[in-house]
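Biologist: I'm new to this one, so could you walk me through it? I'll keep asking how you know things.

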Amino acid sequence: ASEKAELKDRIKRLLKERDAVLVAHYYVDAELQDLAEETGGCVSDSLEMARFGRDHPARTLVVAGVRFMGESAKILSPEKTILMPDLDATCSLDLGCPADDFAAFCDQHPDRTVVVYANTSAAVKARADWMVTSSIGLDIVRHLHAQGKKILWAPDRHLGAYIQKQTGADMLLWQGSCLVHDEFKGVELDLLKLEYPEAKVLVHPESPASVVAQADVVGSTTQLIDAAVKLPATTFIVATDNGILHKMRAAAPGKHFIEAPTAGNSATCKSCAHCPWMAMNGLKNLAEVLETGANEVQVDPEIGRQAKRAIDRMLDFAA
Ligand code: 13P
Ligand code: SF4
C-alpha cells in the first residue's frame with residue numbers, strides 16, 4: 001500500500017475520532033472528492049456545501065475548498081469547529097472586493113438592494129441584504145426585480161451581467177472576475193465547436209459573455225453535472241474548472257468531456273482551467289489539520305451574525 005493509501009486510512013480514522021465530516025467542492029483533488037463521499041461527507045456546489053454543513057450533526061466540519069466556503073460554514077454553525085487544509089486558499093473574487101471599498105460603494109447607492117455572490121469575505125456579506133450562489137442567483141434577482149428593487153451586485157461582473165441580461169433587472173455591477181473562468185475564450189470555443197458540431201456546451205456563469213452566449217446550459221457546478229447526466233448527447237464541451245471532470249465522468253460514464261479552450265493556444269495549455277487555490281487542498285494537509293486541529297476558521301462573531309442574515313435569506317428562499 002502506497003503512502004496515499006496510508007494517508008487515506010489515517011484521515012478516515014481521524015474523522016471518526018474527531019466527530020468530523022468532510023465537505024468538499026467539485027474543484028478540489030479527485031481523491032478528496034472521493035474521500036468525502038466514502039466517509040459520509042459531501043462533494044457539491046457552494047449552496048449544497050453550506051446547507052450540508054449547517055444540517056450535519058458532526059462537531060467539526062473540514063472544508064476542502066476555498067476560504068469563503070469555510071467562513072460560510074462558520075457563520076452558519078458558529079458552535080462547530082471548522083477546519084481547512086490551507087487557510088490561504090482564497091479566491092480572486094474575494095480578493096478583488098475588499099470590505100472597506102465595498103462599504104463605500106454601498107454608501108454611494110443607498111437606494112439599492114445589495115446582493116453579493118457567495119465568493120466574498122464575511123465582512124462583505126455582513127454589508128449585504130442577500131447572499132446568493134451561482135445556482136440560485138438568477139431566481140433571487142428575478143424575485144427582487146419583480147418587487148421593483150434596484151440592485152447593487154458584487155463582485156463577479158460576468159455572473160452579474162448574465163443575470164442582468166436574463167432578468168432585465170436594474171443592476172449596478174462591481175467589476176470583479178474569477179481568474180480561472182475569465183480565461184475562457186469565445187472565439188476559440190467557436191472554433192472547437194466546428195470540430196465537434198454535435199457537442200453540447202456546458203458553461204459556468206463566471207465565464208465571459210462571449211462564452212456564455214454559446215452555452216446549451218449555464219449553471220452552477222452541480223447543475224452542470226446534472227446536465228451532463230440528463231442531456232441526450234454523448235459529447236460535451238465544459239467551460240469551468242477542470243476539477244469537475246472527475247465527477248462528470250463518474251456520473252455520466254461513456255460520455256465524452258472536452259475542456260473548453262482558454263487564452264491563446266489551447267493545445268499547449270492542458271491545465272489552464274484549474275483554480276490555484278482549490279489546488280492547495282491535498283491529502284497531506286488534510287490529514288495534518290485533522291491530527292493537530294490547526295487551521296481553524298475564525299469569523300468575528302458580530303460580523304458573522306450580520307453576514308448570517310444574508311445567507312439565511314438565500315437558504316430560506318431555496319427551501
Ligand atoms: P459553484 O457554487 O457553482 O460550485 O461555484 C463556486 C465557484 O467558486 C465557482 O468558481
Ligand atoms: Fe474563486 Fe474562481 Fe477559484 Fe472559484 S474557481 S474559487 S471563483 S478563483
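Modeller: Let's start with the domains of this predicted model. The centres of domain 2 and domain 3, taken over C-alpha atoms, are separated by 26 Å.

Biologist: Where do those domains run along the chain?

Modeller: The domain assignment puts domain 2 at 93–173 and domain 3 at 181–274, while domain 1 is made of 3–89 + 279–298.

Biologist: And how do you know that domain 2 and domain 3 are in contact?

Modeller: Two residues are in contact if their C-beta atoms, placed from the backbone, lie within 7 Å. On that test, 8 residues of domain 2 are in contact with 13 residues of domain 3. The side of domain 2 that touches domain 3 has 3 nonpolar, 4 polar and 1 charged residues.

Biologist: Which domains supply at least three residues each to the shell around ligand 1?

Modeller: Domain 2 and domain 3 do. The residues surrounding ligand 1 are Asp45, Ser46, Asn119, Thr133, Ser134, Ser135, Cys178, Glu206, Ser220 and Thr221.

Biologist: What makes up that shell, by class?

Modeller: In the shell around ligand 1 there are 7 polar residues, 2 charged and 1 nonpolar. Cys counts as nonpolar, and Cys178 is part of this shell.

Biologist: What about ligand 2, how many residues surround it?

Modeller: Ligand 2 has 14 residues around it, and the closest are Cys91, Ser92, Cys178, Val180 and Cys275. By class, that shell has 9 nonpolar, 3 polar and 2 charged residues.

Biologist: On to the helices. Why are α8 and α9 called oblique?

Modeller: Helix α8 (residues 137–146) and helix α9 (residues 157–167) pack at an angle of about 50°. Angles under 35 degrees count as roughly parallel and 65 to 115 as roughly perpendicular. The angle of about 50° fits neither range, so α8 and α9 are oblique to each other. Their axes are 10 Å apart, and α8 passes α9 in a right-handed crossing.

Biologist: Which residues meet there?

Modeller: From α8, Gly137, Leu138, Val141, Arg142 and His145 meet Leu159, Ile163, Gln166 and Thr167 of α9. That contact divides into 4 nonpolar, 4 polar and 1 charged.

Biologist: At what angle do α3 and α4 pack?

Modeller: Helix α3 (residues 46–55) and helix α4 (residues 67–76) pack at about 35°, with axes 9 Å apart. Their crossing is right-handed. Ser46, Met49, Ala50, Gly53 and Arg54 in α3 meet Met69, Ser72, Ala73 and Leu76 in α4. By class, this contact has 5 nonpolar, 3 polar and 1 charged residues.

Terms used. Residues are numbered from 1 along each chain as its sequence is written. Chains are lettered from A and ligands numbered from 1 in the order in which they are written. This is a predicted model: local features need pLDDT of at least 70, side-chain atom pairs count only at pLDDT 80 or more; totals for chains, interfaces and linings use all residues. A residue is near a molecule or strand if its C-beta atom, placed from the backbone, lies within 6 Å of it. Domain bounds come from an automatic or database domain assignment. Axes are lines fitted to C-alpha atoms, for helices over the stretch in contact, and angles run from 0 to 180 degrees between N-to-C directions. Helices (H or I, at least four residues) and strands (E, at least two) are DSSP runs, numbered from the N terminus. Angles under 35 degrees count as roughly parallel, over 145 as roughly antiparallel, 65 to 115 as roughly perpendicular and the rest as oblique. A crossing is left-handed if the near helix is turned anticlockwise from the far one by less than a right angle, and right-handed if clockwise.
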